[in-house]
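Please look over the structure below. The report that follows takes selected residues and features in turn.

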Amino acid sequence: MTVTVEAPEYVVQPEVVVEPRGTALVVVDMQNDFVKPGGALVVPTAAATIPAVQRLLSLARGRGMKVFFTQDTHQEGDIEFPIWGPHVLRGTWGWQIVDELAPQPGERVLEKLRYDGFFGTPLDHELRLAGIHSLIVCGTVANICVLHTAGSAALRGYRVILPVDAISAITPFDLQVAIRQVSFLYRGVITTSEAIRAR
């Protein structure tokens with residue numbers, strides 16, 4: 001059955017000012033299997049978001065902001081495989097973060113076993129030790145790992161900033177659902193990569 005629905009409106013902020021010492025950038029699952037041709041579970045628009053993610057990385061690195069990468073990680077027989085098929089098997093090409101966004105020395109790469117970047121990882125602990133109160137969350141997949149990570153951050157009291165040009169989803173519907181949920185349910189700030197400024 002096909003149902004046509006109208007996406008509820010949300011506001012895209014034309015400028016968002018962040019305080020570098022209290023802000024971290026979280027790049028979610030920008031791995032070959034999701035982004036590159038030949039990947040096991042390619043998100044059609046993921047490659048097109050690389051320049052926007054690079055823009056965010058440049059801002060974060062230039063202003064001394066903390067940078068975290070999540071790396072979706074599975075072993076043979078993972079419980080997600082009946083849903084998605086095998087993907088991002090640890091140690092494979094598909095599991096690696098794309099070359100264009102390669103982490104630099106000192107930037108944290110956190111292997112995660114499920115959609116949520118906080119579940120089973122030290123992300124919250126490390127953010128709190130660093131005095132972080134705001135997270136810029138980008139990457140893929142918007143309505144899955146990005147949404148669960150952003151929601152988990154909001155439920156822990158972090159301010160969530162979502163640059164819509166730096167996230168991607170399998171379908172346009174999925175993308176809009178994710179943005180709507182972050183905006184309405186988690187009171188996140190919806191913006192673009194170009195609109196974020198460091199104080």
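## Aromatic and cation–ring geometry

This is a predicted model. One aromatic pair is present in the structure. There is also a charge over a ring: arginine 180 sits over the face of phenylalanine 184, 4.4 Å from the ring centre.

## The cavity

The structure holds one cavity of 30 Å³ or more. The largest cavity encloses about 90 Å³ of space. Its lining is made up of 13 residues. Nearest the centre of the largest cavity lie Phe34, Leu41, Val141, Ile144 and Cys145.

Val141 also appears in the backbone geometry. The peptide bond from threonine 140 to valine 141 is cis, with omega near 0°. Valine 141 belongs to the loop between β5 and α5, the latter spanning residues 142-155.

## Threonine 73 and valine 88

Threonine 73 is in the loop that runs between β3 (66-72) and α3 (81-84). Is threonine 73 buried or exposed? Its relative accessible area is 1%. Buried means under 20%, so threonine 73 is buried.

A polar atom of the threonine 73 side chain lies 2.7 Å from the backbone oxygen of glutamine 71. Beyond four places in sequence, threonine 73 touches Val88, Arg90, Trp95, Glu111, Lys112 and Leu113. One of these contacts, Val88, has an unusual feature to check in the backbone: a positive phi of about 40°, although valine 88 is not a glycine. Valine 88 lies in the loop between α3 and β4 (108-112). It counts as buried, at 0% relative accessibility.

## Asparagine 32

Helix α1 covers residues 32-35 and includes asparagine 32. Asparagine 32 has 5% relative accessibility and counts as buried.

Which backbone oxygen lies 2.8 Å from a polar atom of the asparagine 32 side chain? That of tryptophan 93. Trp93 is also among the contacts of asparagine 32 outside four places in sequence, together with Gly39, Gly94, Gln96 and Val98.

## Isoleucine 132 and histidine 133

Two neighbouring loop residues come next. Isoleucine 132 is placed in the loop between α4 (123-129) and β5 (134-140). Histidine 133 is likewise in the loop between α4 and β5. Isoleucine 132 is buried, at 7% relative accessibility. Histidine 133, by contrast, is partly exposed, at 42%. The reason lies in the cut-offs: buried means under 20%, exposed means over 50%, and partly exposed falls in between.

Isoleucine 132 contacts Arg21, Gly22, Thr23, Ala24, Lys66, Leu127 and Tyr158, leaving aside neighbours within four places in sequence. Lysine 66 is 66 residues away from isoleucine 132 in sequence, yet their C-alpha atoms are 8.5 Å apart. Histidine 133 touches Glu19, Gly22, Tyr158 and Arg159, with residues up to four places away not counted. Gly22 and Tyr158 thus appear in both contact lists. The histidine 133 side chain makes a polar contact of 2.9 Å with the side chain of serine 134. From histidine 133 to arginine 156, 23 residues apart along the chain, the C-alpha separation is 9.9 Å.

## Arginine 55

Arginine 55 is part of helix α2, residues 50-62. What is its relative accessibility? The value is 34%, and arginine 55 counts as partly exposed.

Arginine 55 touches Asp165, Ser193 and Glu194, not counting residues up to four places away in sequence. With serine 193 there is a side-chain to side-chain polar contact of 2.6 Å. Glycine 22 is 33 residues from arginine 55 along the chain, and their C-alpha atoms are separated by 19 Å.

## Arginine 187

Arginine 187 is in the loop between α6 (172-185) and β8 (189-191). Phi of arginine 187 is positive, near 55°, in a residue other than glycine. What is the burial state of arginine 187? Its relative accessible area is 61%. Exposed means over 50%, so arginine 187 is exposed. Valine 88 also has a positive phi, but valine 88 is buried.

Methods
Residues numbered from 1 in each chain as written. Predicted model: local features only at pLDDT ≥ 70, side-chain atom pairs only at ≥ 80, totals over all residues. Heavy atoms only, no water. Phe/Tyr/Trp six-rings, centres within 6.5 Å; stacked < 30°, edge-to-face > 60°. Lys NZ or Arg CZ within 6 Å of the ring centre and 35° of its normal. Helix = DSSP H or I, 4+ residues; strand = E, 2+ residues; numbered from the N terminus. Buried < 20%, exposed > 50% of the residue type's maximum accessible area, 1.4 Å probe, protein only. Polar contact = N/O pair within 3.5 Å; in protein donor to acceptor, adjacent residues only side chain to side chain. Contact = heavy atoms within 4.5 Å. 1 Å grid on protein atoms, 1.4 Å probe; cavity = no way out; pocket = protein on both sides within 12 Å on 5 of 7 lines; lining within 4 Å. Points joined across faces, edges and corners; volume = space filled by probe spheres on them.
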